[in-house]
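Work through the exercises below with the model open. Each task is followed by a solution in steps.

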Amino acid sequence: MVRAAQRGDTIAMNDLLDVLTAYAGRICTPIALADGPDAVQETLVAVFRGLRSLKEPAALYGWVRAIACREAVRVARRSARSVPADLTTLPQRGDPQLAADIGDVLTRLSPEHRAVLVLRDIEGLDEQSAAELLGLRVGTVKSRLHRARDSFRKAWSS
């Protein structure tokens with residue numbers, strides 16, 4: 001499907017973007033919060049424009065993850081407002097109130113801290129991969145992750 005979309009097949013491109021929408025949403029929503037849909041849209045536009053530059057179709061999800069993270073942080077910075085997170089697009093585990101509480105605590109973190117938490121704790125990336133996606137040094141990611149988790153714990157217990 002990726003190769004067909006790269007060749008200009010509009011049906012394949014449409015199908016590909018449909019598949020990637022939920023994936024991008026899973027990354028963008030916890031970072032950009034209420035502006036998650038805007039970040040997803042910006043991600044899909046970037047994917048549409050840059051798909052021909054993707055050399056290896058097997059790297060699609062990693063490439064989209066990098067774009068989604070970058071766009072979500074950019075959109076969150078641009079809005080610079082704190083709104084409750086809509087975590088309905090994330091997989092729900094257990095009590096729905098727990099998801100609402102987690103969303104409330106996430107709103108108190110900066111977009112940079114949310115990005116690091118999403119990449120490490122939701123996407124399961126290691127520090128090196130997260131650093132590459134965010135364009136940071138590994139030490140910076142580690143310190144942000146430490147501060148983000150510490151801020152999350154403090155907000156959670158208050």
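## Fold and confidence

From the N terminus on, the elements of the chain run α-α-α-α-α-α-α-α. This is a predicted model, in which local features need pLDDT of at least 70, side-chain atom pairs count only at pLDDT 80 or more, and totals for chains, interfaces and linings use all residues. Residues are numbered from 1 along each chain as its sequence is written, and side-chain values use heavy atoms, with hydrogens and water left out.

**Exercise 1.** Count the helices and strands, then describe burial and contact range in the chain.

*Solution.* Step one: take helices (H or I, at least four residues) and strands (E, at least two) as DSSP runs, numbered from the N terminus. The chain has eight helices and zero strands. Step two: call a residue buried under 20% relative accessible area, exposed over 50%, and partly exposed in between (1.4 Å probe, protein chains only). Of the 158 residues, 44% count as buried. Step three: define a contact as heavy atoms within 4.5 Å. Among contacts with a separation of 6 or more, 66% join residues 24 or more positions apart.

**Exercise 2.** Find where confidence is lowest and where it is highest among the helices.

*Solution.* Step one: read pLDDT, the predictor's confidence in each residue, from 0 to 100. The chain mean is 86, and 89% of the residues reach 70 or more. Step two: go to the extremes. Confidence is lowest in helix H5 (residues 96–107), with a mean of 78, and highest in helix H3 (residues 36–50), at 95. Step three: check residues 81–85. Their pLDDT stays under 50, and the model has 10 contacts for them beyond four places in sequence. Where pLDDT is low, the predicted coordinates should not be read in detail.

## The core

**Exercise 3.** Identify which members of the largest nonpolar core touch the most other members, and which helix gives the most residues.

*Solution.* Step one: a nonpolar core is a set of buried Ala, Val, Leu, Ile, Met, Phe, Trp, Tyr and Cys residues joined through side-chain atoms within 4.5 Å. The largest one holds 44 residues, of which Leu16, Leu20, Ile31, Leu51 and Leu60 touch the most other members. Step two: assign the helices. At least two residues of this core come from each of helix H1 (2–6), H2, H3, helix H4 (60–79), H6, helix H7 (127–134) and helix H8 (138–157). H2 gives the most, with 11 residues. Step three: inspect Leu16. Beyond neighbours within four places in sequence, Leu16 is in contact with Met1, Val2, Ala5, Leu51 and Leu60.

**Exercise 4.** Is Met13 buried or exposed, and which residues does Met13 touch?

*Solution.* Step one: Met13 lies in helix H2. Step two: its relative accessibility is 9%, so Met13 counts as buried. Step three: not counting residues up to four places away in sequence, Met13 touches Ala5, Phe48 and Leu51.

## The H2–H6 packing

**Exercise 5.** Describe how H2 and H6 pack, then how far H6 is enclosed.

*Solution.* Step one: fit axes as lines to C-alpha atoms, for helices over the stretch in contact, with angles running from 0 to 180 degrees between N-to-C directions. Helix H2 (residues 10–32) and helix H6 (residues 111–122) pack at about 145 degrees, their axes 8 Å apart. Step two: list the contact. Ile27, Pro30 and Ile31 of H2 meet Pro111, Arg114, Ala115, Val118 and Ile122 of H6. These residues divide into seven nonpolar, no polar and one charged. Step three: check burial. H6 is largely enclosed by the rest of the structure, because 10 of its 12 residues are buried. Among them are Glu112, His113, Arg114 and Arg120. Step four: look at its neighbours. Arg77, in helix H4, is in contact with Pro111 and Glu112, leaving aside residues within four places in sequence. Just after H6, Gly124 takes a positive phi of about 75 degrees.

## Loops

**Exercise 6.** Compare the settings of Leu33 and Lys55: where is each, and is each buried or exposed?

*Solution.* Step one: Leu33 sits in the loop between H2 and H3. Its relative accessible area is 2%, so Leu33 is buried. Leu33 has a positive phi of about 55 degrees although it is not a glycine. Step two: Lys55 is in the loop between H3 and H4. Lys55 counts as exposed, at 72% relative accessibility.

Definitions and conventions. Ala, Val, Leu, Ile, Met, Phe, Trp, Tyr, Cys and Pro count as nonpolar, Asp, Glu, Lys and Arg as charged, and the others, Gly among them, as polar.
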